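Trainee: I have a model open and would like to go through it one feature at a time. Where should we begin?

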Amino acid sequence: MYRKGICIMDFAKLHEDVCFGRAGGKVIWQPRIDCWISDRMFADGELPGIYKGMKKVDIYKELGCSARVYEYNDCFQPVYDDTIRVSSKTEGEYHTNIIETPVGTVTQVLKSTPSSWAQLVEKWWVCTEEDLKIFTYIEQHTNWRFSQEHFDKTKAEWGNLGAPTVFIPRVSVQRLYIDLMGVEEAVYALMDYPETVEEYFDALRECHLRLIDVINESPINIINFGDNIHSGTLSPALFEKYVLPEYKIRCERLHKAGKFVCAHFDGDNRGLMEYYRQTGLDGIEAITPVPQGDVTLEEVHENLGDMYLLDGIPAVYFDEEFPEEVLVECVHKILDLFAPHLILGISDEISSNGNMERIRLVGKIVDEYNRKIEEQNGEKA
């Protein structure tokens, strides 16, 4: 925790120790608070109360808890060869991204929204089979580099609030769903021109393996697949065909370099729980239990086995419509079911309406749990 701005706990070390089974049974509390911060900053231009004028790093210090420092993501940067030209332009509320290649040009159009800094997709990158062929070329001509400068800058900013952590680009069908086409058009593509889709997936896999080779030479040891897996849009058949093989290949490559590997499963999970232990992953992030998701904590535990749970507390329990007692009961249940294979967090983030004091409350429960573990292990306080 932090006292008067001075760190008295090395959260970065505890984070890695928990992931790699060196923590002696202790767990770590890692809530994500980006939504709460960004919505207030967008609406009011400043944060309320004691958080006024604070940066995100300062808020974590004030709360005395660890951060999942995905700010390290930009350590890994795509490098296009000289046949690819990337540009953008903004006209009013519309922002257009452009990629020019020898085999054609693709564009994406984003539109500003009045309620947040987020932008909505007005036009997807891929609207035709020919667009997807252009992206196959792009993946084939993309390499990766590690930025030591960005690593050092991020390390200096975040210190020991959390271990260096990254999430890497989405695999196969999730890439089509979320980044390139949207769900409906991607499903049509799988049916209408499967050979072109398969060729793209092959190129994407090789591009990502080049990225993993760079990751494996880096000092970053905790790797997330940022796929936002949701069984409402990804059937078991699609998961088995397009996601499961990619996860096995990725995990094998990363595990050879001693990395801890997890993936982001949010939304509904019931249709895919049976595959958790087949993926090769060490853990799964953001599985959302009832009443927010569609699975119970007991079902998640049964299907994860000895895999790690990252997060686990429904975000709605930080809203005041739920009594504190409900949150406390949930935290104790998660500790009983999943510790020590647990990086406790919020599935997915505290909402814009969340009560930040409840983050402190969970922190006190975790501190008390870890003190008991230390006493059992004969450790000095």
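Mentor: Begin with a definition: a polar contact is a pair of N or O atoms within 3.5 Å, and within protein one must be able to donate a hydrogen and the other to accept it. Keep in mind that this is a predicted model.

Trainee: Which side chain has a polar contact of 2.8 Å with the side chain of R360?

Mentor: R360 sits in helix α12, residues 357-377. Its side chain has a polar contact of 3.1 Å with that of E357. The polar contact of 2.8 Å is with the side chain of E62.

Trainee: Does R360 count as buried or exposed?

Mentor: Outside its neighbours up to four places away in sequence, R360 touches I50, Y51, E62 and L63. Buried means under 20% relative accessible area. The relative accessibility of R360 is 19%, so R360 counts as buried.

Trainee: How are the buried residues of α7 arranged around the helix axis?

Mentor: Helix α7 covers residues 183-192, and its buried residues are A186, A189 and L190. Viewed down the axis of α7, they fall within an arc of 100°, so they line one face of the helix. E184, M191 and D192 are exposed on the other side of α7. The arrangement of the buried residues is therefore one face, within an arc of 100°.

Trainee: Which helices do the buried residues of α7 pack against?

Mentor: The residues concerned are A186, A189 and L190. They pack against α6 (172-180), α8 (194-216) and α9 (236-256).

Trainee: Which element gives the most residues to the largest nonpolar core?

Mentor: In soluble globular proteins, nonpolar side chains tend to be buried together. The largest nonpolar core here has 102 residues, and W29, F265, L281 and I313 touch the most other members. With 10 residues, the element giving the most to this core is α8.

Trainee: How many residues are in the second, separate core?

Mentor: Its members include L14, C262, Y308 and I343. The count for this second core is 13 residues.

Trainee: Which strands are the edges of the open sheet?

Mentor: Four strands form the sheet in the order β5-β6-β7-β8, with antiparallel pairing. An edge strand pairs on one side only, which here gives β5 (85-91) and β8 (119-123).

Trainee: In β7, which residue is the bridge partner of N97?

Mentor: Strands β6 (residues 94-101) and β7 (residues 104-112) pair in the antiparallel sense over eight bridges. Helix α4 (residues 129-140) lies across both strands, running at about 100° to β7. The partner of N97 is Q108.

Notes: Residues numbered from 1 in each chain as written. Predicted model: local features only at pLDDT ≥ 70, side-chain atom pairs only at ≥ 80, totals over all residues. Heavy atoms only, no water. Buried < 20%, exposed > 50% of the residue type's maximum accessible area, 1.4 Å probe, protein only. Helix = DSSP H or I, 4+ residues; strand = E, 2+ residues; numbered from the N terminus. Arc of directions from axis to C-beta. Contact = heavy atoms within 4.5 Å. Core = buried A, V, L, I, M, F, W, Y, C linked by side-chain atoms within 4.5 Å. Pairing = 2+ DSSP bridges. Axes fitted to C-alpha atoms, helices over the stretch in contact; angles between N-to-C directions.
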